[in-house]
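Student: Please take me through the interior spaces of this model and the parts of the fold around them. I should like one connected account that follows a single part closely and then shows how it relates to the rest.

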Amino acid sequence: MPCLDEFPAYRFGYMRFCGEVEQPTWWHRGRFWYAFILLCSFGPLQVLYLVKTPALDLMVTCEVIMLLQLCATVVLKFSLFVTHRDEIYDLVGAFKSIQKGITADEFPRFVKCNVVHAKLVRLYVIGTTIVVVLYELNAIVTSVTLSLQQHHVHFVTPFNFPFDFQHPAVYVLCFLHNLDAMLITVFISVTIDAGYSEMASNLSIHFDIVRERFERLDISAGQPLAERELVEVISYHSDVLTLAQRMTQLFQESVFYLLLLLSTILCLLGYEFVMVSNIYKRAQVATLAGIMIGQAVIYTYHGSVIRDQSVNVSDAIYGTNWYEATPNTKKQIHISLMRAQKPVIVKSGFIEASLPTLKKILSSSASYITMLMSLEPDASS
């Protein structure tokens, strides 16, 4: 049986920029920890900037708060490689291992899934790169505009710093610091989100195959191989359930905080889009909002699909000719049916990753934007 050499798509290849490889050298370890510390330092720098410049207008304050929340979600994704690195690679190995039991007729589904996610990764990288370019371009255009208006050189960085960076050498370092932080953010988000999406898609395919195998079973008492075939399908179903549990436990923290903060992130982005007049800034905000919604769609869509596919197995079990089976086989069917009726829910804390949850998040974001807009007259006065 063939296997997927690059599972997930590109085999975490983009994380090499952050120093993450399966067999790291001292240089990779140094780059890895530098990237992690760089991301962790972004939040305190922005908080210090807010403290030192309290007389900011509402829009600038909202942008800084949005960046803090966005940074928190990225740090949590990066921390998966810090605290659960072995679990990630073990989970990838488990997905590849369970595919060994797939037949030749069933395997093309996984190949198609891998091809689709390879394209998804490329589109994701293109979209996030556009945001990076717009952030950098907006800073350069603003620097040139202010310099012409004030008749002396005035530098602007993509993100603010709580210290003076107008010296050319300091400005170059700050600009490169921002660029590196944004590229790290891009590659972490692409790796974790696309990797989760492909794993979740594979999990859904496995549940669908379990359903099909139960539907094909003939477990009547006269079938000599009925019990052995039933045991094989039950064992496969058990392996898929174990895989689902491992995957949901590994990603539950990052999913929770992404969905928890998403409504306020979208609210602040929406408010910023309405208030700014700079075309580059608007394009930047709109693209970033689209990417954040896309991230949420990845987790909520797959959460709903996994839940539905796991429950569909119970319908297939009930549809077998269990009434013609031996008493021992009936007992196994009954236990399997009870387990299959319990859906696999991608949930962390009080938030379930599902499409109804996404609908509520988008609805609340619109309400928050309206509330912020109502505060704008007071801020201007």
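Tutor: A cavity here is a set of points on a 1 Å grid where a 1.4 Å probe fits but cannot get out, and a residue belongs to its lining if one of its atoms lies within 4 Å of such a point. The model is a predicted one, and all that follows should be read in that light. Rolling a probe the size of a water molecule over the atoms shows where empty space is left.

Applied to this model, the rule gives four cavities of 30 Å³ or more. The largest cavity has a volume of about 340 Å³. Its lining consists of 22 residues, and those nearest its centre are Leu70, Val74, Met182, Thr185 and Leu288. Five helices, namely α1 (26–52), α2 (58–83), α4, α5 and α7, each contribute at least two residues to this lining. The largest share is that of α2, which supplies six residues.

The largest pocket has a volume of about 580 Å³. It is lined by 27 residues, of which Glu63, Asn138, Thr142, Val156 and Asn160 lie nearest its centre. The elements giving two or more residues to the lining of this pocket are α1, α2 and α4. Helix α4 is thus named among the contributors to the lining of the largest cavity and among those of the largest pocket. It is therefore the part to follow closely, since its geometry can be checked: at 1.5 Å a residue, its 44 residues should span 64 Å, and its end C-alpha atoms are 65 Å apart, which agrees. After α4 comes His151, whose phi is positive, near 65°. Within α4 lies Glu136. This residue is buried, because its relative accessible area of 8% falls under the 20% cut-off.

Arg109 connects α4 with another helix. Side chains of opposite charge can pair when their charged atoms come close. Arg109 forms a salt bridge with Asp208, with 3.2 Å between the closest N and O atoms. Arg109 belongs to helix α4 (residues 107–150) and Asp208 to helix α5 (residues 168–216), so this pair ties together parts that are 99 residues apart in sequence. A salt bridge also joins Glu212 to Arg109, and here the closest N and O atoms are 2.6 Å apart. Glu212 is in α5 and Arg109 in α4, so the pair ties together parts 103 residues apart in sequence. Arg109 is partly exposed because its relative accessibility is 28%, a value between the 20% and 50% cut-offs. Its partners are buried: Asp208 has a relative accessible area of 16%, and Glu212 has one of 17%. These contacts belong to a network of salt bridges that links Arg109, Asp208, Arg211, Glu212 and Glu215. The count for the model comes to 14 salt bridges.

Helix α7 is another contributor to the lining of the largest cavity, and it has a salt bridge of its own to consider. Arg307 pairs with Glu352, with the closest N and O atoms 3.3 Å apart. Arg307 lies in α7 and Glu352 in strand β2 (residues 351–352), so the pair ties together parts that are 45 residues apart in sequence. Arg307 is partly exposed, with a relative accessible area of 31%, and Glu352 is partly exposed at 23%. As for the distance back to α4, Glu136 and Arg307 are 171 residues apart in sequence and 41 Å apart in space, C-alpha to C-alpha.

Helix α7 also takes part in a feature of the surface. Ile293, Val297, Tyr301, Leu355 and Leu362 make a nonpolar surface patch of about 380 Å². The elements that give two or more residues to this patch are α7 (279–318) and α9 (355–380), and α7 has the largest share, with three residues. Ile293, which is found in α7, is partly exposed, with a relative accessible area of 32%. That value admits Ile293 to the patch on accessibility, because patch residues need over 30% relative accessible area.

Conventions:
Residues are numbered from 1 along each chain as its sequence is written. This is a predicted model: local features need pLDDT of at least 70, side-chain atom pairs count only at pLDDT 80 or more; totals for chains, interfaces and linings use all residues. Side-chain values use heavy atoms; hydrogens and water are left out. Patches are made of residues with over 30% relative accessible area and no salt bridge: like charges are joined within 9 Å, nonpolar side chains (Val, Leu, Ile, Met, Phe, Trp, Tyr) within 5 Å. Accessible areas come from the Shrake-Rupley method with a 1.4 Å probe; for residues, only the protein chains shown count as cover. A salt bridge is a side-chain nitrogen of Lys or Arg within 4 Å of a carboxyl oxygen of Asp or Glu. Helices (H or I, at least four residues) and strands (E, at least two) are DSSP runs, numbered from the N terminus. Buried means under 20% relative accessible area, exposed over 50%, partly exposed in between (1.4 Å probe, protein chains only). The expected span of a helix is 1.5 Å times one less than its number of residues. On a 1 Å grid over the protein atoms alone, a cavity is a set of points where a 1.4 Å probe fits but cannot get out, and a pocket is an open set with protein on both sides within 12 Å along at least five of seven lines; lining residues have an atom within 4 Å of a point. Grid points are joined across faces, edges and corners, and a volume is the space filled by probe spheres set on the points.
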